[in-house]
Amino acid sequence: MTKTKLVAPVLKWVGGKRQILGEIKRYIPKTFETYYEPFLGGGAVLFELQPKNASVNDINSELMNVYVVIRDNVEDLIESLKQHGKAYKHNKKAKEYFYKIRELDRDKQIYDKLTSIEKAARVIFLNKTCYNGLFRVNRAGQFNTPFGYYKNPSIVNAQTLRAVSDYFNSADIRFSCDDFETVLEDATEGDFVYLDPPYDPVSDTASFTGYDRGGFDKSEQTRLSQVCHKLNEKGVKFVLSNSATDFIMDLYKDYIIEIIQARRVVNSRADRRGDVDEVMVRNFERQW
Ligand SMILES: C[S@@+](CC[C@H](N)C(=O)[O-])C[C@H]1O[C@@H](n2cnc3c(N)ncnc32)[C@H](O)[C@@H]1O
């Protein structure tokens, strides 16, 4: 199986790792059995590595549905996106159309009638046309990012979608929508795990928990560190990204911690953009 550059993220995701891929790649072990990515998000690292055996997971069911539809029904998905593209461009009421599609999840009965292909197309369409490309849901789990004023958003990227679909079909990948702890119970010696959880907020006001209804607070960060200890005991290699807060540095003090400077691209408020130190934690020495 050869790697191809056409395989790339199809969604812009909060905390997307494209900017620091180079840094992350430096820490990936040369060989491993199964690749685990329990906080998949936009999947930048998965698509960069294109492993043959993988188990990928995210608690966000809308997101995981997008990936499964790309695997199983990519042509229907492209067709559905084309319809969105036409409606968005031709009726000169792009904003109205955006809100019509966004509000589909306000009525459960209507939403439940959509096919998985229609749901996936809706998520991609909203991701391409909403403000900042930010996937955010309110407490009721409804998509609530406002309209984004784009001149010509690229709604259908058929080439990338087909390349990702080919990759999913040629590799042995398990897709799940579960809590990270459950998924990682299956990891065994020789496997490699890349963890990119929602970050510990640098300050209380910068707290951001809009990925899904659940949120990810300090007790979740602690639970994650305990899962990492278990992985370590089992002989599973892991690399974890997070923000460089004292709390995180303390949770992972038994491991190798390196600080990297990363640029957070997606942020809901322009004044919170900028360089935030991140940590890269790992439980093994680099082999080269
Ligand atoms: C920082 S993002 C991942 C970004 C991703 N690596 C990328 O490159 O785009 C964190 C992800 O964790 C997911 N998440 C939050 N809580 C979770 C949990 N308990 N178990 C699994 N996934 C969770 C969120 O839905 C979100 O997509």
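This section describes the strand pairing, ligand shell, helix packing and selected residues of a predicted model.

Strand S4, formed by residues 192-195, is covered on both of its faces. Phe192 and Tyr194 are buried on one side of the strand, and Val193 and Leu195 are buried on the other. S4 pairs with two strands described here. With strand S1, which spans residues 35-37, the pairing is parallel and extends over two bridges. The pairing of S4 with strand S5, residues 237-243, is likewise in the parallel sense and comprises four bridges. Phenylalanine 192 takes part in both pairings: tyrosine 35 stands opposite phenylalanine 192 of S4, and in S5 the bridge partner of phenylalanine 192 is lysine 237.

Strand S5 is itself mostly covered, with six of its seven residues buried. Phenylalanine 238 belongs to this strand. Because 21 other C-beta atoms lie within 10 Å, phenylalanine 238 is classed as buried, the threshold for that class being 20 or more. A contact distant in sequence also involves this residue: phenylalanine 238 and proline 29 are 209 residues apart along the chain, whereas their C-alpha atoms are separated by 9.3 Å.

The ligand is surrounded by 21 residues, of which Gly15, Phe39, Gly41, Gly42 and Asp196 come nearest. By residue class, the shell around the ligand consists of ten nonpolar, six polar and five charged residues.

Among the helices, H3 (residues 61-72) packs against H7 (residues 116-129) at an angle of about 115 degrees, and the two axes are 9 Å apart. H3 is therefore roughly perpendicular to H7. The crossing of these two helices, H3 and H7, is left-handed.

Helix H8, residues 158-170, contains arginine 162. This arginine has 16 C-beta neighbours inside 10 Å, so arginine 162 counts as partly exposed; a residue would need 20 or more to be buried and 12 or fewer to be exposed. Arginine 162 is separated from leucine 6 by 156 residues in sequence, while the C-alpha to C-alpha distance between arginine 162 and leucine 6 is 8.9 Å.

Two loop residues were examined for their backbone conformation. Most residues other than glycine have a negative phi. Glutamine 50, a residue other than glycine, has a positive phi, near 45 degrees. The loop that holds glutamine 50 runs between helix H2 (44-49) and strand S2 (53-57). As 17 other C-beta atoms lie within 10 Å, glutamine 50 is partly exposed. Asparagine 132, a residue other than glycine, likewise has a positive phi, near 65 degrees. Asparagine 132 is placed in the loop between H7 and H8. With 17 C-beta neighbours inside 10 Å, asparagine 132 is classed as partly exposed.

How values were computed
Residues are numbered from 1 along each chain as its sequence is written. This is a predicted model: local features need pLDDT of at least 70, side-chain atom pairs count only at pLDDT 80 or more; totals for chains, interfaces and linings use all residues. Two strands pair if DSSP finds at least two bridges between them. A residue is near a molecule or strand if its C-beta atom, placed from the backbone, lies within 6 Å of it. Ala, Val, Leu, Ile, Met, Phe, Trp, Tyr, Cys and Pro count as nonpolar, Asp, Glu, Lys and Arg as charged, and the others, Gly among them, as polar. Axes are lines fitted to C-alpha atoms, for helices over the stretch in contact, and angles run from 0 to 180 degrees between N-to-C directions. Angles under 35 degrees count as roughly parallel, over 145 as roughly antiparallel, 65 to 115 as roughly perpendicular and the rest as oblique. A crossing is left-handed if the near helix is turned anticlockwise from the far one by less than a right angle, and right-handed if clockwise.
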